[in-house]
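Colleague: I am new to this structure and would like a close look at a single part of it. Please take me through that part slowly, and then outward to what lies around it.

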Amino acid sequence: MEYSLVITNGHIVTPTKVVNADLAIKGGKIAAIGSGLADQADKVIDANGQIVLPGMIDSHVHINEPGRSDWENYHTGSQALAAGGTTTMLVMPLNALPARTTGQEFKRQKEIAEHKSYVDFGLYGGLVPGNLTEIQKMADEGAMGFKAFMATTGSDLPGDFKNVDDYQLLKGMQAIGKTGLPILVHAENASITDGLTAEKIAEGKTDIQEYVDSRPPFVEVEAVRRAIYLAKQTNVHLHFVHLSTPKSVDQVTQARQNGQNVTCETCPHYLILDCNQFEKIGPLAKCSPTLRDPEIVKGLWKKVFAGQVDTIGSDHSLAPMSMKESPDHNIFDIWGGVSGCQTS
């Protein structure tokens with residue numbers, strides 16, 4: 001037979017249009033799109049009017065194993081990704097406990113994923129205070145890059161992921177630059193967001209709108225500018241995760257035009273939801289950065305269509321329902337994270 005597999009009767013999504021045709025695969029690659037191909041195949045799948053499109057590579061997923069496997073583990077999380085059409089996931093070093101920030105822990109968690117994941121995967125390492133000597137070790141174990149938080153992570157549990165200050169970020173960029181791998185940055189100004197949060201809690205202002213106001217768009221833009229400047233001094237590939245504002249994307253575009261190796265991502269929830277819907281949905285929609293005004297969402301779409309956003313990742317971050325509830329309706333006590341891998 002000429003083909004190993006032919007998928008028939010599907011609506012095949014191509015870069016320019018959707019066509020009703022057969023899709024033939026040979027040697028693990030698409031070999032032909034046409035009609036009457038089933039007779040030339042070892043195996044035939046009847047798609048029966050279903051949409052046939054490439055599997056998504058989700059470049060931003062949180063799997064909570066080990067340490068928080070009761071939230072979600074590689075077995076359940078990877079099945080959810082597959083159900084949503086994702087065939088490869090790149091997994092952040094948190095919210096596993098301990099976080100994946102050493103060579104030894106990286107190797108251990110890679111072995112867990114190898115035995116339990118239903119989809120292809122890659123793992124990121126983490127940059128945290130005091131682990132510069134572990135960067136190369138994680139690179140040697142196969143790290144796809146290194147995640148760092150400019151915003152406060154909010155956890156003081158032993159082994160949990162910690163944010164870095166500017167000095168630690170600079171030194172981390174220098175170390176990561178030597179590996180040739182990217183640094184992935186959560187960009188929000190920690191001191192401003194922490195200060196605004198403390199101010200609102202002290203005043204008893206703990207509803208959803210107060211949370212939105214505690215993380216205004218400019219704290220993201222400022223952190224993006226600062227990280228770009230530091231990365232310029234270190235010649236590292238800088239990648240921004242989950243950008244939520246068009247002005248942040250503008251900073252990336254400008255740096256790229258100036259010759260820097262800077263890329264960026266946004267997420268489905270920043271394109272589909274806004275702060276008004278946050279009010280209606282409630283704590284399930286809490287995330288960081290927070291959901292934005294409708295006009296900002298429209299502006300972000302324009303950046304996507306202009307080709308200025310490099311990747312879209314789910315930032316899937318699941319937690320038990322109990323962590324999305326607060327007896328006194330304090331939004332600041334609620335876990336921040338969206339369960340998004342099946343809807344990307």
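Which residues does His186 touch, not counting residues up to four places away in sequence?

Modeller: The model is a predicted one, and in it His186 touches Lys147, Ala148, Phe149, Met150, Ala151, Val241, His242, Ser288 and Pro289, once residues up to four places away in sequence are not counted. The residue has its place in strand β11, which spans residues 183–186. Its relative accessibility is 4%, and because buried means under 20% relative accessible area, His186 counts as buried. One of the residues it touches, His242, also makes a polar contact with it, side chain to side chain, at 3.1 Å.

From His186 the view can be carried on to a second histidine, His60, which lies in strand β6. His60 is buried as well, with a relative accessible area of 0%. Among the residues that His60 touches are Lys147, Val241 and His242, and these three also appear among the contacts of His186. Other contacts of His60 include Leu90, Met92, Glu265 and Asp315, while a polar contact of 3.3 Å joins its side chain to that of His62. As for Asn163, it stands 103 residues from His60 in sequence, and the two are 18 Å apart in space, C-alpha to C-alpha.

The strand that holds His60 leads on to its surroundings. Strand β6, residues 56–62, pairs with β7 in the parallel sense over four bridges, and in this pairing Val61 stands opposite Val91 of β7. Strand β7 itself, residues 86–91, is mostly covered, since five of its six residues are buried. Together with helix α1, residues 74–83, β6 and β7 make a right-handed β-α-β unit. Strand β7 is also joined by four bridges to strand β8, residues 120–123, and these two strands run parallel. There Leu90, which is one of the residues touched by His60, stands opposite Gly122 in β8. Between β7 and β8 the chain crosses through helix α2, residues 103–116, and this β-α-β crossover is right-handed too.

A pair of helices can be added to complete the tour. Helix α8, residues 246–257, and helix α11, residues 294–305, pack at an angle of about 30°, with their axes 8 Å apart. Angles under 35 degrees count as roughly parallel, and therefore α8 is roughly parallel to α11. The contact is made by Pro246, Val249 and Asp250 on the side of α8, and by Ile296, Gly299, Leu300 and Lys303 on the side of α11.

Methods:
Residues numbered from 1 in each chain as written. Predicted model: local features only at pLDDT ≥ 70, side-chain atom pairs only at ≥ 80, totals over all residues. Heavy atoms only, no water. Buried < 20%, exposed > 50% of the residue type's maximum accessible area, 1.4 Å probe, protein only. Polar contact = N/O pair within 3.5 Å; in protein donor to acceptor, adjacent residues only side chain to side chain. Contact = heavy atoms within 4.5 Å. Pairing = 2+ DSSP bridges. Right-handed = clockwise from strand over helix to strand, strands pointing away. Axes fitted to C-alpha atoms, helices over the stretch in contact; angles between N-to-C directions. Parallel < 35°, antiparallel > 145°, perpendicular 65-115°, else oblique.
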